[in-house]
Amino acid sequence: MQLRMAGSLSELPPELCCRPMAFVALTGLDVLYNAVHRAIWDAFCANRRADRVPISFKVLPGDHEYPKCRTKRTSYEWYIPKGILKTGWMNKHLNLVPALVVLFYELDWDDPQWKEKQSECATKVEIVRTSLQGRNTKVAVVLIQKKTPLPPGEDLVASERAQALCNACELSGKSLFVLPHTDHLVGYIIRLENAFYEHAQTYYYTEIRRVKSHKEFLNKTTHQLLFVRHQFKTGFFSELKQDSQNALKYYKTAYSLIHELRAHETNILEIKTIAGFINYKICRLCFQHNTPLDAIAQFRKHTDLCKKKIGNAELAFEHTAWMSKQFQSFGELFDEAIKLGLTAIQTQNPGFYYQQAACYSQDRKHLAQQLCQPGMIYPSPDPLDPQTGGLDFYGQRPWRQGHQSIDPPNTEKEKTGILALQIKEREVPHSELIIALLSNAVAQFKKYKCPRMKSHLMVQMGEEYYHAKDYTKALKLLDYVMCDYRTERWWGLLTAILTTALRCAYLMASVKDYIIYCMELLGRASTLKEEQKSRIEKNLNKVIMNEVPDPEPQCDQSSLNAARSLWSDCMALAGLNELTIEVQDYIPFIQCKARFCSPSFHLDQPIQLQVFLRTNCPHSVSFNKLTVSLSNQEYNQWCVMESSGQETMNLLPGKTKCYNFTFVAKTEDVGKKIEMTGVEVMLGSDHSRCVYLGWRGAGGDAASTHEALQASRSSRRCGRNVEMQQELEWDSLTLQQSTMIISRVPKISVHLNHQPPALNNEIYCIQLTVQSQEEGVAKDVKLTTGLKPGQDANLGQTTHVILDDAKVCDDTAPALLPDILLGDLKSGEKLEKCVYVRCVSTGPRVFLFHVAYSIETTVEGRQIICKCHKDETVTVETLVPFEVSVKFLSTKFEPLDQVAVDIPFLLMTDILSSSPWPLLLVSSSLQLATMVSNTPKLQSQLQEVVLQSDECASECFCLRCPPLTNTNTTVATGQYLISWKRKSSSTDSPLIQTTVTLPHVILESVPLYIHADLPSFGRVRESLPVRYHIENRTTLVQDVEMTVEPSDAFMFSGLKQVRLRILPGSEQQMLYNYYPLMAGYQTLPQLNISLPRCPTTSAHTLRRFLPQCIFVKPQGRRLDDASIAAA
């Protein structure tokens, strides 16, 4: 039997917490020396998957002694139970009394010694039955065979021998199995397991009925304990049978019955213990059935019923230990269910139960400190050592086992037993238990994102570490939590935690931590009283003076001597006389704010920096050094202030003091940012201890941001009294951590003169005028001009800048000309420069004119060279100067879609001005590709033409396309070149040549070319000769049929209808005399022509080159030559 002492009375036994599984004993297996048996055993127990039946296997020898069965009671009339549940009962049915014993025996059906082995097998079965005498345990036999058996019914010998073996062993046919040792051993084993499971189910069902059968013999007067016991047993057997629904029902009944028992001081521990067991089973099964709300409701009911059942007041710590274990066990069940898939929420998670368990453990510790007085002698003989060798029933006292009456049997033994329990309780590591529970709770609250609960419990953990004298871990936890409380401004909580941390730092003689916590407890966030702050300030000054501080109040008296020794050792060590403390993340008793007086300074201005300091402690504070660190360390030498007198480096409580620093920037830092990287105040001196308080950046601490926000909100309501105004003045001080060094303000004027907009491809002139207003000489004047960087990349490729208009501004010219040296510029002197820009594409462009120079100046008595510059930008829009349109016309000025080969046509160009300025068209020309001119010489018709805005100039060229050797139907015409410039430009300014690519033309070949020679006009009733020329343009002889249609406006003489034959390349002429009858524009008689050999050629195509009309003058009076000349 296992002895459960006082320290473990609240613990749950492992057999209660495990999952109950049917117990099956295997005999006849030699797993050590027989490889076949070992393989069979491994198949049973190794790598069991979750889908296999829940059975607990154990290999036992054939003659194993099983627990003896007690004599069955036939009557309960005079029986008085001594307890509710025996300590060994659950373990007995889990591990000692099997539901089924399986005998393994190697025997084949065709074994030559069948009879002898049959008898041997029957003997072994009988031995097993004898050892199980009085038990309902089933017995089965498994024959290990080498051969695979035949299907049932086919092997008659096997059937006969199986029946004979069953008869010899007194077994039913369902209890005899065959196990072939083949490659499929695991499959056979799984089938065997299922059969074993059915036998075990039958056994546990029988046991449940047996227990239930006792009910009719019980009465509620003397057998109340048995009602609870039997319900618990039926529930436990149901779990072994894997019937969890009925098990839950039996456990709930048992729980109701146990609270009906009359509780008194001698049995209350037993009632609580068994109630805790049953509650654990109920909650576990509810979680298993996925009904967590039922589990939570049951647990709340359980704690409500039991929390007031304290029992003996002298052992009250036992009750709190038991309550703590109840909450811890439920938290573990809850957490296990979550791992198996249950979803918890922020307001209902295992952390709350671990937290409550820790609270009860803390109560246990306090009660133990009150009830268990030190110095008590442990009684002898030991009342906690039962004479029988162990406790018979759960929850009973070792010195009065089986006692159920109200009064204890022996008062003296009762007192010594209580004394022994109290002495044992003093040996319990309470803080370790509390820390473990709090740690579990913190992990849960962290998992479910409950930061405030996590912080609260971490504070408790830190305090427990403090009580356990593990000060290092206590400080680590408290430091972590203080960050959250500073951020959320819980000043009262922060002060309490800092007080505990200060005690830890004192007891472990951690000088740096002690100084930090002292500074923060003296600061504005501390809620301590003035006298407490004065005491802490006094101790802080002692540490700075390298003296041992006074002990902190409420420190553990047993640790003070060790602490004083540690402090003495620390003071003797010279290496610890310098300490650097970064106070940015704390709220120290000295506040610091630093700022540059301006966000930017010109190079010729001294840089001014201010540091504001204020203290919040009860008494004044002296410091010996103030330094500001900058990003450029070369300036740090100018930002140091050391004590030269007590007044200048003394801070009065609540008074703000300002310290100013000034230095001159270097020329190479122009355009750079100077930042404050830190501010440092030195407390103490080299003769005692130096403590450097450092602020990152421009100062401020953990509370500064919120205070500045509050100050901005309260600024409208300030002014009630002087103190409030001072407070607001400090809080409204803003930090200026960085400043920019910018170049000196230039004293020059830059003027630009130009005539926008610019025209595409022209050389556009921008005149720059620079005049100096400097008192001295501006040296090394440089000009950077051109397209301003940062614009579209395509503009950089289409913009070209030059300084000399005599040079060709082609595509090689850059878009930006850097650092053009202009020389020195005296005071009042003026400098002019022309910049020429050529823009190849249209659109707006920004041009930059950057004039830089250097000049000597004096700042704070130092001679420096300042580099100044002035930028001017101008946006210039670029426009197209004119639009060029091109048309192809016939010689009759009719539009052409196609051009006939070797037949003259007209090229008409129109130039429409879109420039706001007058344009001078100097000349124009054609560069023909495949065309030729039909006139002797192509001459420009636009020479020296001036185009105003929106005016148009046109010119016409007569061209002809010669016969081509290739078969292309589309050919290039060529280019049209126009030379122009602004009318307002000078005579020597360069010309701009614009090239227009002429459109391609589509060629066509005509078989017959017909054109006519006729006068420019006719006169009524006067002969009008018309000669038609007909040319054959093909390589074939063409038959031509011609007819002249009559007209009302003309009479004519000549062949009205004729048929001609024209040889290839030759020409025929036809002469007609037309006689006009009417004046005005008259349609000539229409000539119809047809080509039989070219049926696709229409008459309209052939006569399109002929004139359609002619102007006919009326017949007037004849005048003499003099009259005509006068007219």
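Two strands count as paired if DSSP finds at least two bridges between them. In this predicted model, strand E1 (residues 22–27) and strand E3 (residues 100–106) pair in the parallel sense, over four bridges. One contact within this pairing places Ala25 opposite its bridge partner in E3, Val101.

E1 and E3 belong to an open sheet of five strands. The order is E2-E1-E3-E4-E5, and the pairing is parallel. Strand E2 (55–59) and E5 occupy the edges. Each has a single partner strand, so one side of each lacks a neighbour in the sheet. On average, neighbouring strands of this sheet are turned by 25° against each other, direction ignored.

A second open sheet is made of three strands, in the order E43-E41-E46. Here the pairing is antiparallel. The edges are held by strand E43 (1057–1062) and strand E46 (1087–1090). Each of these has a single partner strand, so one of its sides is left without a neighbour in the sheet. The average turn between neighbouring strands of this sheet is 20°, direction ignored. Strand E41 (residues 1038–1044) is joined to E43 by six bridges, and the two run antiparallel. Asp1039 stands opposite Arg1061 in E43. In general, the strands of a sheet pair through backbone hydrogen bonds, in either a parallel or an antiparallel sense.

Aromatic contacts were examined next. The structure holds 36 aromatic pairs. One of them is formed by Phe177 and Phe196. Their ring centres lie 5.8 Å apart, with the planes at 85°. An angle over 60 degrees counts as edge-to-face, so this pair falls into that class. The pair links distant parts of the chain, 19 residues apart. Phe177 is in strand E5 (residues 176–180), whereas Phe196 is in helix H6 (residues 185–212). Both Phe177 and Phe196 are buried. Strand E5 thus carries Phe177 and also stands at an edge of the parallel sheet.

Phe327 and Tyr360 make an aromatic pair of the stacked kind. The centre-to-centre distance is 5.6 Å, and the planes are 20° apart. This pair also links distant parts of the chain. Phe327 is in helix H11 (residues 316–339) and Tyr360 is in helix H12 (residues 350–371), with the two positions 33 residues apart in numbering. The cut-off for a buried residue is a relative accessible area under 20%. Phe327 has a value of 10%, so Phe327 is buried. Tyr360 is buried as well, because its relative accessible area is 16%.

Ring pairs also build a cluster. Its members are Trp89, Tyr203, Tyr204, Phe232, Phe236, Phe237 and Tyr251.

Aromatic residues also appear at the surface. Phe1017, Tyr1081 and Phe1111 make a nonpolar surface patch of about 340 Å². Of these residues, Phe1017 is found in strand E39 (residues 1017–1019). The relative accessible area of Phe1017 is 34%, so this residue is partly exposed.

A loop position was also considered. Lys826 is found in the loop between strand E23 (816–825) and strand E24 (830–839). Residues over 50% relative accessible area count as exposed. Lys826 reaches 54% and therefore counts as exposed. Lys826 and Lys779 are 47 residues apart in sequence. In space, their C-alpha atoms are 8.4 Å apart.

Terms used. Residues numbered from 1 in each chain as written. Predicted model: local features only at pLDDT ≥ 70, side-chain atom pairs only at ≥ 80, totals over all residues. Heavy atoms only, no water. Patch = residues over 30% accessible without salt bridge, like charges linked within 9 Å, V, L, I, M, F, W, Y side chains within 5 Å. Areas by Shrake-Rupley, 256 points an atom, 1.4 Å probe, with all protein chains shown as cover. Salt bridge = Lys/Arg side-chain N within 4 Å of Asp/Glu carboxyl O. Buried < 20%, exposed > 50% of the residue type's maximum accessible area, 1.4 Å probe, protein only. Axes fitted to C-alpha atoms, helices over the stretch in contact; angles between N-to-C directions. Phe/Tyr/Trp six-rings, centres within 6.5 Å; stacked < 30°, edge-to-face > 60°.
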